[in-house]
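Thanks, everyone, for making the time this morning. I would like to walk through one structure with you, taking the metal sites before the aromatic contacts.

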Amino acid sequence: MSKLDYKVLVGLEIHVQLYTRTKMFCGCALGFAEEPNSRVCPVCLGMPGSLPVMNKQAVEYSILAGLALNCQIAGFTKWDRKSYYYPDLPKNYQISQYDLPLALNGNIEISLADGSLKKIRIRRAHLEEDAGKNLHTAGNFSQVDLNRAGTPLLEIVTEPDMESAAEVRALAEELQRIVRYLGVSEADMQKGHMRFEPNVNLIITRAGQQFKTPIVEVKNLNSFRALENSINYEIERQLERFLETGETMEMGNKSTRGWDDAKEVTVLQREKEEAHDYRYFPDPDLVPVQPDEKWLIAIKNQLCELPLKRCLRYIKEYGLSDYDAGVLTETRATADFFEEAVKCNGDAKRICNLITQTGLKIANEKGCKVSELGIPPLQLAVLAQMVKEGLISATASVTVFEKMTQSKSTPQQIAESLNLLQKSDAGELEGIIDEVLKNNQQAVEDFKSGGKKSGKARGFLLGQVMQKTKGTANPKVAGEILDRKLSQ
Ligand code: ZN
Ligand code: MN
């Protein structure tokens, strides 16, 4: 390990697959794991003479995401051809946006481990099409599947404002929550809906002098883990390389490296191309996009309260813990369900407990959202109130919750039919307690001795009451009656 003083700088490029029905410039439906080359047409196959037609929904989703990221939306944006030759891109160019992206100059707020907030600047966000996939599993030759070719991607580029792998991960996770809240992407990592490319370098201070290490771009990471680990690896590698060679940004070239998931190392791929290598030029087949005021307002109306803001509000407004608020706001459906129940005059903390400790577990087992369990928010609020008033125990509320997912009965009806209502009826409890006291004279004497045995004896007697009532006695009421009788 080095004792050098250094600072980490990371900027991130993120490709987010948009949740549209069809591809970016043709009518082919998006799919996943379909039979290779079953979702293609002359446009996405790059046949000569075929003409692209812009997917308006993809533009709308991109503007919505841009607004959520506090970006300026361009009044005029156009499509450019980015030339490159590769079998997964039969046109030999990718339709992208070069100098006039759809969204510019935004920021995204992230929550750090110490609870503080940090704003990461967004440089730009533009829309482009994805390439197909080259497959190298057939033996002595390669194959190409063009089902993915032409899938709409939103490419988001941040400024190099992140100073650790953990910050980068926090940003990536926040962005995932945001695009899911907005409904513009499923953001399913397993399906490659989010791909990351961090640009990493260090500013090293040695003997009062500053040195910048050459920037490395790590390509095509598709998990949060790979993102975080590859950055941590790069930090160590760049430190060691600087110590060995003294190489700085001015001397070295910007390079791209891949991440070897098995060996957990980055591997040199190539020296970075410059923009002019791509021969960008405006696509003559597509008209520029000029979003007008009316369209922008309609899109703005689709904005919602974003997850981080909502999480902070839950902590402040409902007194929930950071952890609980985080769990509730992880998905919009869960947060909406929680809030609807709270609006029915429900007890926020207890509704939260029911959702996070029971609801999410059942939903997870069933593979659905907690809001899809068939429990009306009002009934959830009623159940929470029953716990609050001591009508049922917290343990019994789990059973009632489970039954509520299977029947349309109210929580009261269910608790009654399962004999789960706690006995708070003083008259009935007094009889039971008298009997317990009569049958346990030794414990009563132990209690009255006032010695060490006193507390234990009281616990034993209360336990007997709970046993006699099969756990349905309200422990608070039973305890009060017991204490009154013991002090007589
Ligand atoms: Zn197509
Ligand atoms: Mn791109």
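Let me begin with a term: a residue is called buried here if its relative accessible area is under 20%, computed with a 1.4 Å probe on the protein chains only. Please also keep in mind throughout that this is a predicted model.

With that cut-off in hand, histidine 15 is buried, and glutamate 155 is buried as well. These two residues belong to the site of the manganese ion, ligand 2, whose protein donors are His15 through NE2, and Glu128 and Glu155 through OE, at 2.0 to 2.2 Å from the ion. Along the chain these donors are spaced as H-x112-E-x26-E. Since histidine 15 is in strand β1 whereas glutamate 155 is in strand β9, residues 152–158, the pair ties together parts that are 140 residues apart in sequence.

Turning to the other metal, the zinc ion, ligand 1, has as its protein donors the SG atoms of Cys26, Cys28, Cys41 and Cys44, which lie 2.3 to 2.4 Å from it. What geometry do the four donor atoms give the site of the zinc ion? The angles among them are 100 to 115 degrees, and the site is tetrahedral. For reference, the ideal angle for four tetrahedral donors is 109.5 degrees. The zinc donors follow the spacing C-x1-C-x12-C-x2-C along the chain. Cysteine 28 and cysteine 44 both lie in the loop between β1 (5–17) and α1 (56–68), so this pair ties together parts that are 16 residues apart in sequence. Both cysteine 28 and cysteine 44 are buried.

Now to the rings, where a search of the whole structure finds nine aromatic pairs. In one of them, phenylalanine 211 and phenylalanine 242 have ring centres 5.3 Å apart and planes at 45 degrees, so the pair counts as tilted. Phenylalanine 211 is in strand β11 (residues 209–212) and phenylalanine 242 in helix α3 (residues 224–245), so the contact ties together parts 31 residues apart in sequence. Both of these phenylalanines, 211 and 242, are buried.

Tyrosine 318 and phenylalanine 338 form an edge-to-face pair, with 5.4 Å from centre to centre and 85 degrees between the planes. This pair links helix α5 (residues 307–318), which holds tyrosine 318, with helix α7 (residues 332–343), which holds phenylalanine 338.

Finally, ring pairs link Tyr98, Tyr278 and Tyr280 into a cluster, and the charged end of lysine 82 sits over the ring of tyrosine 278, 4.4 Å from its centre.

Conventions:
Residues numbered from 1 in each chain as written. Chains lettered and ligands numbered in written order. Predicted model: local features only at pLDDT ≥ 70, side-chain atom pairs only at ≥ 80, totals over all residues. Heavy atoms only, no water. Donors = N, O, S within 2.8 Å, 3.2 Å for Na, K, Ca; no water. Tetrahedral: all angles 85-135°; square planar, octahedral: opposite > 155°, others 65-115°. Helix = DSSP H or I, 4+ residues; strand = E, 2+ residues; numbered from the N terminus. Buried < 20%, exposed > 50% of the residue type's maximum accessible area, 1.4 Å probe, protein only. Phe/Tyr/Trp six-rings, centres within 6.5 Å; stacked < 30°, edge-to-face > 60°. Lys NZ or Arg CZ within 6 Å of the ring centre and 35° of its normal.
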